[in-house]
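Open the model in your viewer and keep the selection panel handy. We'll go stop by stop, picking something and saying what sits there.

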4 protein chains.
Amino acid sequence: VPALAGLYTPIATPFRADELDEPAFRSNIRHWMKTVLRGLVVLGSNGEAAHVSDAEGDRVVALAREEMPAGRLLIAGTGRESTHGTIEASVRAARAGADVVIVRTPGFYKGQMSTEALVRHYSLVADASPVPVLLYNVQMYTGVLLAPAGVERLASHPNIIGIKESGGDIGHIAEVVNRTPPDFTVLAGSATTFSAALFVGCTGGILALAALVPAACLRLMALVSSGQLEEARRLQRQLNPLARSVGTLHGVAGFKTALDLIGLTGGAPREPLMSLPAGVVEEIRQQMRDLDLPVHG
Amino acid sequence: VPALAGLYTPIATPFRADELDEPAFRSNIRHWMKTVLRGLVVLGSNGEAAHVSDAEGDRVVALAREEMPAGRLLIAGTGRESTHGTIEASVRAARAGADVVIVRTPGFYKGQMSTEALVRHYSLVADASPVPVLLYNVQMYTGVLLAPAGVERLASHPNIIGIKESGGDIGHIAEVVNRTPPDFTVLAGSATTFSAALFVGCTGGILALAALVPAACLRLMALVSSGQLEEARRLQRQLNPLARSVGTLHGVAGFKTALDLIGLTGGAPREPLMSLPAGVVEEIRQQMRDLDLPVHG
Amino acid sequence: VPALAGLYTPIATPFRADELDEPAFRSNIRHWMKTVLRGLVVLGSNGEAAHVSDAEGDRVVALAREEMPAGRLLIAGTGRESTHGTIEASVRAARAGADVVIVRTPGFYKGQMSTEALVRHYSLVADASPVPVLLYNVQMYTGVLLAPAGVERLASHPNIIGIKESGGDIGHIAEVVNRTPPDFTVLAGSATTFSAALFVGCTGGILALAALVPAACLRLMALVSSGQLEEARRLQRQLNPLARSVGTLHGVAGFKTALDLIGLTGGAPREPLMSLPAGVVEEIRQQMRDLDLPVHG
Amino acid sequence: VPALAGLYTPIATPFRADELDEPAFRSNIRHWMKTVLRGLVVLGSNGEAAHVSDAEGDRVVALAREEMPAGRLLIAGTGRESTHGTIEASVRAARAGADVVIVRTPGFYKGQMSTEALVRHYSLVADASPVPVLLYNVQMYTGVLLAPAGVERLASHPNIIGIKESGGDIGHIAEVVNRTPPDFTVLAGSATTFSAALFVGCTGGILALAALVPAACLRLMALVSSGQLEEARRLQRQLNPLARSVGTLHGVAGFKTALDLIGLTGGAPREPLMSLPAGVVEEIRQQMRDLDLPVHG
């Protein structure tokens with residue numbers, strides 16, 4: 001079994017008066033520690049890593065570590081545009097208690113991000129990181145995709161243990177699985193295609209949806225691995241409306257709204273992200289009710 | 001079970017001195033009639049419909065009907081840019097013996113092909129066609145995609161019995177399955193993602209690959225429906241290199257080359273399509289050997 | 001001066017009860033023969049070539065020739081997906097009286113339309129065509145772009161006299177001008193960027209807008225060539241709203257509506273194209289009034 | 001005349017052993033202060049803003065100010081993903097001596113960057129910035145484009161004085177010019193389409209090419225404004241090969257290589273950007289010789 005196999009959620013970073021809301025952040029984590037989640041990802045795309053200063057980021061990792069027992073994996077996002085900056089962030093995150101770092105591809109100089117450049121970048125980061133590295137393809141945000149051929153080369157690095165594939169291109173994900181050894185973990189990042197990603201060989205996922213309905217996500221994993229396809233399809237179909245709302249459709253704002261609705265603290269994202277209009281909040285509330293989730297407010 | 005469930009191949013149109021090679025066309029079909037294929041598609045994208053005159057097309061349908069017993073489904077491509085032209089072609093194909101017509105989306109005036117325009121187009125075609133209509137999304141060639149919401153509306157038309165989804169976007173295919181009734185057939189068109197498409201609810205496929213290894217394609221269907229995921233993944237992985245060569249990578253020329261290599265007649269595609277360079281032919285030969293296919297030449 | 005330098009319009013094909021409306025077609029042409037236009041393009045994208053049968057197309061060319069004196073250039077669209085079909089159409093158009101054929105790139109098998117394939121296609125067509133060939137890049141409809149390097153190679157063919165560049169990518173157009181000899185005509189096809197295209201070296205245009213305001217389009221050409229940039233910018237800005245409506249925004253339906261509004265006959269496009277909603281017709285009417293065009297209805 | 005009209009170059013940030021090379025940075029600026037350039041942009045895309053820490057950025061602005069007399073405009077890049085971070089960076093840059101801040105669009109959460117969100121972002125930044133704000137569209141890096149309608153709304157803000165449009169879409173640039181008042185400066189960012197951008201109303205540019213051949217770039221501006229179109233076309237054509245090399249083709253590495261070749265200090269970009277292979281360096285050397293630039297090494 002790959003080291004990282006299992007179910008994770010990327011947690012939100014709540015703000016209050018535009019400052020990190022530490023009590024809410026801690027309280028959210030305590031909630032998730034009572035669920036079936038194997039671990040948490042902090043400072044991911046859903047954690048507004050792009051909106052958080054280095055100092056705030058260090059604090060986020062440290063707080064999460066305090067609230068998470070050793071048995072739960074703490075994965076911290078440390079991707080930066082420069083190799084140097086990514087290494088620094090990874091060292092700091094490890095020092096603050098991260099078990100693993102997850103590193104998105106650089107994306108600003110898109111046109112120059114050849115497989116060659118990306119393989120070199122990740123190799124240098126993995127050489128220097130005190131903790132294992134999880135690759136992270138999230139083309140929807142970075143505009144860059146590390147090709148399966150690049151993943152294949154990086155999979156042999158002793159300090160690179162897997163990849164999170166955020167997109168819904170199942171053919172691509174299958175190729176990544178096929179080109180990497182069994183102990184290299186491929187985690188899905190798109191909840192609307194989660195069961196199909198598991199079908200082609202993913203051994204887990206990092207899903208915003210799993211912050212809301214972790215048990216249902218785990219059940220989907222069980223249904224696929226036991227070959228109960230009809231049931232898997234039915235459950236996937238039920239989950240899709242909410243999955244879409246807290247995924248590509250409304251992004252961070254959708255995710256934070258849903259957290260508020262189940263009684264955790266999401267709050268407003270930092271600008272320029274905007275809060276959702278009331279009509280959309282109602283839609284999400286209804287989607288949660290359709291899943292028998294107890295909804296607040 | 002949906003009316004069309006099963007495995008099909010889109011057959012090539014062989015030419016000799018740039019004219020339809022009727023003996024070869026007949027001979028190829030006689031070969032496929034000895035396989036597990038439920039039926040054949042003529043005048044599809046792989047049949048170079050875009051390169052064939054109306055008169056040649058009529059002949060192709062008539063010849064296929066002569067060689068195919070009543071129990072085998074003959075599906076003929078009749079999509080044109082205009083609604084009127086599509087209806088005329090559908091009437092002629094039915095008269096020549098087609099059991100079903102498959103109608104690609106119009107694609108020249110891409111920007112104007114709203115869901116509204118496409119629903120109206122297909123409704124008029126289905127009203128007028130003497131035989132049932134199979135919708136056909138093939139964005140890679142037309143640049144247009146009939147949205148799931150449009151398929152949902154069209155699925156209630158009594159003369160529209162299903163759709164071929166040629167792309168590999170599994171989330172899109174799943175949504176089409178979810179929005180249409182059980183007796184509406186959704187067929188996969190991408191061989192590299194065939195098992196994933198079956199997993200999300202397709203009940204068959206129209207695959208160039210099935211012209212070469214029909215039994216293996218059928219076995220993939222059986223593995224998925226019986227929940228033998230590990231074996232399905234393994235078989236899919238074995239089939240992928242050849243699937244790619246006769247699919248998106250080399251298109252019609254790749255498909256015709258592979259037909260030649262197994263002892264059928266592919267021949268050269270019509271210009272401007274070009275024959276494959278020798279090196280690529282060798283690659284395809286090797287991919288066929290890797291699948292234990294007896295290769296000629 | 002390049003052979004084709006000057007201003008042209010692609011004319012619409014009017015239908016009545018879904019059949020070619022010959023009297024209206026003739027009458028429209030007689031109107032344009034009283035304007036400054038150097039010639040007309042029939043069976044272009046705006047002429048719904050994609051919706052017209054071969055027989056109808058032959059008739060369209062013959063009718064246009066009857067109405068056009070020898071001094072006015074008759075350019076006929078003859079592009080087909082196959083090289084063979086394009087040659088046949090070109091021979092027929094020449095026989096029916098076309099002075100020049102305009103040949104859009106094939107576009108169905110997009111992925112295979114390499115520069116090599118396109119150069120071969122156009123060379124064979126030009127070898128066989130009895131009249132000179134005008135290349136035609138219209139990526140918005142075909143999804144294919146003949147690269148400047150390909151145009152450069154084709155410009156040396158004695159029977160290829162120019163290109164219509166329909167897009168608004170001024171850098172691309174400039175490169176085409178720079179890589180071709182002075183007697184090779186580069187005509188603009190996008191009215192909203194017409195003056196910029198002239199600025200980088202186009203020596204004319206084929207514009208739907210020129211069917212409505214030919215004198216203004218010609219004046220724009222004069223302003224640019226005499227270096228009166230401020231006036232050119234002002235005139236271009238005035239023309240843009242209408243240019244957009246009869247161009248990319250509403251396409252054939254927008255163009256036909258505008259013809260109706262100035263007292264010519266546009267009529268409805270063939271399905272699946274749809275007529276414009278009343279509100280959009282009003283917008284176009286107002287845009288024409290803003291240009292002091294006498295508007296009917 | 002718009003406040004910012006004129007010619008600028010975005011300067012590179014030279015590193016030595018991966019640290020800011022201050023003497024080289026100063027020396028480069030002293031060179032440019034002897035040219036016709038109206039000012040310099042530091043911490044732009046070409047200045048590897050994405051690779052530079054906040055502390056390094058502050059130092060870069062301060063050093064530039066020390067080397068630049070008051071008459072030369074110092075424009076500093078301060079765009080960040082969050083509104084808050086952008087404001088902080090703008091305040092620091094102003095304090096360190098910047099005359100103007102240039103603010104790229106946020107780009108990580110692409111799908112959420114509606115016109116509404118961007119207008120709000122820029123309004124808040126402009127409200128808080130101690131110095132005037134220059135908007136900055138650079139879709140090739142951010143994947144986001146502030147629409148002309150958004151620029152129009154922002155142009156009325158008293159602290160927003162113009163925009164740099166980095167792309168080559170001349171129709172888009174023309175629309176931005178047409179929708180904004182005469183005292184709002186629109187600067188071109190693409191050197192290969194510089195003359196066309198001037199033709200449609202840009203009153204200057206921020207061009208990497210201008211770091212190498214400032215006088216030629218200024219001459220191009222004079223040729224266009226005096227209506228000498230033939231000469232402008234010829235000069236633009238001559239400049240294009242080098243413009244492409246230090247622009248979209250090789251990006252920062254191309255630009256730094258060219259600086260080295262004319263005797264300034266470019267050096268290697270920070271990783272993951274890679275230095276150019278020797279063959280490409282030779283190409284650029286030849287392109288410079290073709291422009292009669294004295295080339296070192």
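Start by selecting A:Pro272, which is found in the loop between α11 and α12 (278–290) of chain A. Helices here are DSSP runs of H or I with at least four residues, strands are E runs of at least two, and both are numbered from the N terminus. Now add A:Glu271: a cis peptide bond joins A:Glu271 and A:Pro272, with omega at about 15 degrees.

Before going on, a word about what you're looking at. This is a predicted model, in which local features need pLDDT of at least 70, side-chain atom pairs count only at pLDDT 80 or more, and totals for chains, interfaces and linings use all residues. Residues are numbered from 1 along each chain as its sequence is written, chains are lettered from A and ligands numbered from 1 in the order in which they are written, and side-chain values use heavy atoms, with hydrogens and water left out.

How confident is the predictor? Colour chain A by pLDDT, the predictor's confidence in each residue from 0 to 100. Chain A averages 97, and 99% of the residues score at least 70. For the complex, the predictor gives an ipTM of 0.96 and a pTM of 0.96.

**Stop: the other cis bond and a positive phi**

Jump to chain C and select C:Glu271 and C:Pro272. A cis peptide bond joins this pair too, with omega about 15 degrees. C:Pro272 is found in the loop between α11 (251–261) and α12 (278–290) of chain C.

Back in chain A, pick A:Asp18. This residue is not a glycine, yet has a positive phi of about 65 degrees. You'll find A:Asp18 in the loop between β2 (15–16) and β3 (19–20) of chain A. Why flag such spots? Most residues other than glycine have a negative phi, and most peptide bonds are trans.

**Stop: where chain A meets chain D**

Show chains A and D together. The contact (heavy atoms within 4.5 Å) takes 37 residues from chain A and 37 residues from chain D. Between them, chain A and chain D bury about 2,900 Å², 62% of it on carbon and sulfur atoms. Buried area is the accessible area (1.4 Å probe) that two parts lose on being put together, summed over both.

Which residues of chain A lose the most area to chain D? Select A:Phe108, A:Tyr109 and A:Pro272: together they give 25% of what that side buries. So the proline from the start of the tour turns up again here.

Next, show A:Arg120 and D:Glu271 as sticks. They form a salt bridge, with the closest N and O atoms 2.5 Å apart. The rule asks for a side-chain nitrogen of Lys or Arg within 4 Å of a carboxyl oxygen of Asp or Glu, and the count between chain A and chain D is 2 salt bridges.

Now colour the helices of chain A. Those giving two or more residues to the side that touches chain D are α3 (83–95), α4 (115–128), α5 (139–142), α10 (229–249) and α11 (251–261). The largest share, 5 residues, comes from α4(A).

**Stop: the axis**

Superpose chain A on chain D, by least squares on the C-alpha atoms of residues with pLDDT of at least 70 in both. A rotation of 180 degrees with 0.0 Å of shift along its axis does it, with an RMSD of 0.0 Å. The two copies are thus related as by a two-fold rotation axis. In chain A, the C-alpha nearest the axis belongs to A:Gly143, 3.6 Å from it. Also, 100% of the interface residues of chain A are interface residues in chain D, so the copies meet through the same surface.

**Stop: chains B and C**

Hide A and D, and show B and C. Here 37 residues of chain B are in contact with 37 residues of chain C. The area buried between chain B and chain C is about 3,000 Å², of which carbon and sulfur atoms give 63%. Select B:Arg120 and C:Glu271 to see a salt bridge whose closest N and O atoms are 2.4 Å apart.

**Last stop: pairs that stay apart**

Finally, show chains A and C. They do not touch, and their nearest C-alpha atoms are 19 Å apart. Swap to chains B and D: no contact joins them, and their closest C-alpha atoms lie 19 Å apart.
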